[in-house]
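Got your viewer open and a cartoon view loaded? Here is a short tour that tells you what to select at each stop.

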Amino acid sequence: MSEIQLEESWKAALAEEFASAYMQDLKAFLLDRKSQNAVIFPAGSNYFRALDLTPLDNVKVVILGQDPYHGPGQAHGLSFSVRPGVRIPPSLINIYKEIERDLGLAPPRHGFLESWAKQGVLLLNSVLTVEQGQAGAHQGKGWEQFTDAVIAQVNAQEQPCVFMLWGSYAQKKANFIDRKRHLVLKAPHPSPLSAHRGFLGCGHFSRANAFLAEKDRGPIDWRLPDQVETS
């Protein structure tokens, strides 16, 4: 994927992954799907948006998603986030509800989470591409191995981080995190199907900020600006 311009700290940390056979196979798969006129989300320039906005040494919190959104105009490279003007997805509505309950912050009118990413919240999906209207279309093609390597790089950092693992998929994917150094917070997924089972009321956002303050890393401002600009 040499055409992708990646943030330098991640480019160095993941050089072996990009040179690997599985990533070459993944690139070939994506090119083949494009040649067959498959509509792939997000745009190629946003495959690694989460990494570009949150350099490795700036990661304070990791929030794991699974697949990008597969509707037109939704996915832009950050888990749970949608572009300005796009209807807020149900899971993100529940995330906002918990932030309001936990921190007393009124929910924003949009679902654009770049301001979190720029503060050090790595909004990472396990699979970084999908096809229009086909959830899970690119699972098992290599992305999972790549994003495992991303998580391993964060885990290896000396600076303590918070891992918010929502749902069994995220919890299984990051079960190797060093809990002596990092804080691992687990809850059910914020999906309407499961949020009432313990996501709502989990207190993850205040707990994350308390941990970051204790470790002198500085808290995350979970408020989102009313006016948003894409960068």
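**Stop 1: Arg 223 and its partner**

Select Arg 223, which counts as exposed because its relative accessibility is 53%, over the 50% cut-off. Keep in mind as you go that this is a predicted model. Now add Asp 221: the two side chains meet in a salt bridge, with N and O 3.0 Å apart. Asp 221 has a relative accessibility of 31%, so it counts as partly exposed.

**Stop 2: a pair along helix H5**

Next, pick Arg 101 and Glu 98, another pair joined by a salt bridge, this time at 2.7 Å from N to O. Both sit in helix H5, and because they are three residues apart there, about one helical turn separates them. Are these two residues buried or exposed? Arg 101 is partly exposed at 48%, whereas Glu 98 is buried at 0%.

**Stop 3: a link between two helices**

The count of salt bridges comes to seven. For one that spans elements, select Glu 114 and Arg 49, whose closest N and O atoms are 3.0 Å apart. Glu 114 belongs to helix H6 (residues 114-119) and Arg 49 to helix H4 (residues 49-53), so this pair ties together parts that lie 65 residues apart in sequence. Check the accessibility of each partner: Glu 114 is buried at 4%, and Arg 49 is buried too, at 14%. Then add Lys 118 to your selection, and you have a salt-bridge network made of Arg 49, Glu 114 and Lys 118.

**Stop 4: the sheet**

Switch back to cartoon and look for the open sheet of four strands, ordered S3-S2-S5-S6 with parallel pairing. Which strands are at the edges? They are S3 (121-125) and S6 (183-187), each of which pairs on one side only. From one strand to the next, the twist averages 20 degrees. Strands in a sheet are held in pairs by backbone hydrogen bonds.

Zoom in on strand S5 (residues 162-166), which runs parallel to S6 and is joined to that strand by five bridges. To see one partnership, select Trp 166: its bridge partner in S6 is Ala 187. Now bring helix H7 (residues 143-156) into view; this helix lies across S2 (61-65), S3 and S5, and runs at about 155 degrees to S3.

**Stop 5: Asp 67**

Move to the loop between S2 and H5 and select Asp 67. UniProt, in an unreviewed entry, lists this residue under "active site". Asp 67 counts as buried because its relative accessibility is 18%, under the 20% cut-off. Where does the side chain of Asp 67 make a polar contact? One of its polar atoms lies 2.6 Å from the backbone nitrogen of Gly 136. Leaving aside residues up to four places away in sequence, Asp 67 touches several others, among them Asn 125, Val 127, Ala 135 and Gln 139.

**Stop 6: Ser 81**

Stay in the loop between S2 and H5 and select Ser 81. Its relative accessible area is 1%, so Ser 81 is buried. A polar atom of the Ser 81 side chain lies 3.2 Å from the backbone oxygen of Gly 111. Show the neighbours as sticks: beyond residues up to four places away in sequence, Ser 81 touches Tyr 69, Gln 74, His 76, Gly 111, Phe 112 and Leu 113.

Definitions and conventions
Residues are numbered from 1 along each chain as its sequence is written. This is a predicted model: local features need pLDDT of at least 70, side-chain atom pairs count only at pLDDT 80 or more; totals for chains, interfaces and linings use all residues. Side-chain values use heavy atoms; hydrogens and water are left out. Two strands pair if DSSP finds at least two bridges between them. Axes are lines fitted to C-alpha atoms, for helices over the stretch in contact, and angles run from 0 to 180 degrees between N-to-C directions. Contact means heavy atoms within 4.5 Å. Buried means under 20% relative accessible area, exposed over 50%, partly exposed in between (1.4 Å probe, protein chains only). A polar contact is a pair of N or O atoms within 3.5 Å; within protein, one must be able to donate a hydrogen and the other to accept it, and residues adjacent in sequence count only if both atoms are side-chain atoms. UniProt positions are given in the numbering used here, feature names are shortened, and annotations may be inferred rather than shown by experiment. A salt bridge is a side-chain nitrogen of Lys or Arg within 4 Å of a carboxyl oxygen of Asp or Glu.
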